[in-house]
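Subject: Structure handover

Hello,

Here is the structure I said I would pass on. My notes on it follow below.

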Amino acid sequence: QVQLVESGGGAVQPGGSLRLSCAASGSIFRINSMGWYRQVPGKERELVAVFTSDSMTNYASSVKGRFTVSRDNVKNTVALQMNSLKPEDTAIYYCYAHIRPLYGRQGDFWGRGTQVTVSS
């Protein structure tokens with residue numbers, strides 16, 4: 001079955017950097033959109049940075065200039081380089097992909113999330 005697995009989360013001081021990675025596995029025909037969302041307790045999940053196509057990206061205003069999303073269509077992976085991290089970046093980060101599987105219906109897939117904590 002298709003699944004997404006995140007890695008790279010952790011704790012860092014303000015101004016520091018982290019790199020998140022996500023790998024999609026399973027019987028995949030095509031991945032359309034792929035990227036990252038985040039969620040804080042009590043808040044709704046928000047878009048961070050995604051590829052809406054092979055080359056088009058969409059970033060949250062709060063992370064522009066600090067985060068960079070990259071995609072490898074051969075390996076079916078997406079990464080998020082996070083620089084100049086701020087306490088308000090603290091959240092659970094979720095990998096997202098809209099996938100057309102080899103079998104079954106295409107749709108949205110989510111990873112289980114990885115914690116990012118930015119504090120002194």
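In which loop does Leu102 lie? The loop is the one between strand 9 (91–101) and strand 10 (107–110). Please keep in mind throughout that this is a predicted model.

Surface patch

Leu102 joins Phe29 and Tyr103 in making a nonpolar surface patch of about 380 Å². The relative accessibility of Leu102 is 46%, so this residue counts as partly exposed; the partly exposed class runs between the 20% limit for buried and the 50% limit for exposed.

Salt bridges

How many salt bridges does the count come to? The count is four. I describe three of them here, beginning with the pair from strand 4 and the loop after strand 5.

Arg30 and Asp54 form a salt bridge through their side chains, with an N to O distance of 2.8 Å. This pair links distant parts of the chain, 24 residues apart. Arg30 sits in strand 4 (residues 28–39), while Asp54 sits in the loop between strand 5 (46–51) and strand 6 (57–59). Both ends fall in the middle accessibility class: Arg30 is partly exposed because its relative accessible area is 34%, and Asp54 is partly exposed because its value is 38%.

The next two salt bridges have Arg38 in common. In one, the side chain of Arg38 meets that of Glu46 at 2.8 Å, N to O. In the other, Arg38 pairs with Asp89, and the closest N and O atoms are 3.0 Å apart. Asp89 lies in the loop between strand 8 (77–82) and strand 9, whereas Arg38 belongs to strand 4, so this pair ties together parts that are 51 residues apart in sequence. Through shared partners, salt bridges join Arg38, Glu46, Arg66 and Asp89 into one network.

Are the residues around Arg38 buried or exposed? Arg38 itself has a relative accessible area of 6%, which means that it is buried, the cut-off being under 20%. Asp89 is buried too, with a relative accessible area of 1%. Glu46 is partly exposed, at 34%. The Arg38 and Asp89 salt bridge is therefore one between two buried residues, while the Arg38 and Glu46 bridge has a buried residue at one end and a partly exposed residue at the other.

Regards

Notes: Residues numbered from 1 in each chain as written. Predicted model: local features only at pLDDT ≥ 70, side-chain atom pairs only at ≥ 80, totals over all residues. Heavy atoms only, no water. Patch = residues over 30% accessible without salt bridge, like charges linked within 9 Å, V, L, I, M, F, W, Y side chains within 5 Å. Areas by Shrake-Rupley, 256 points an atom, 1.4 Å probe, with all protein chains shown as cover. Helix = DSSP H or I, 4+ residues; strand = E, 2+ residues; numbered from the N terminus. Buried < 20%, exposed > 50% of the residue type's maximum accessible area, 1.4 Å probe, protein only.
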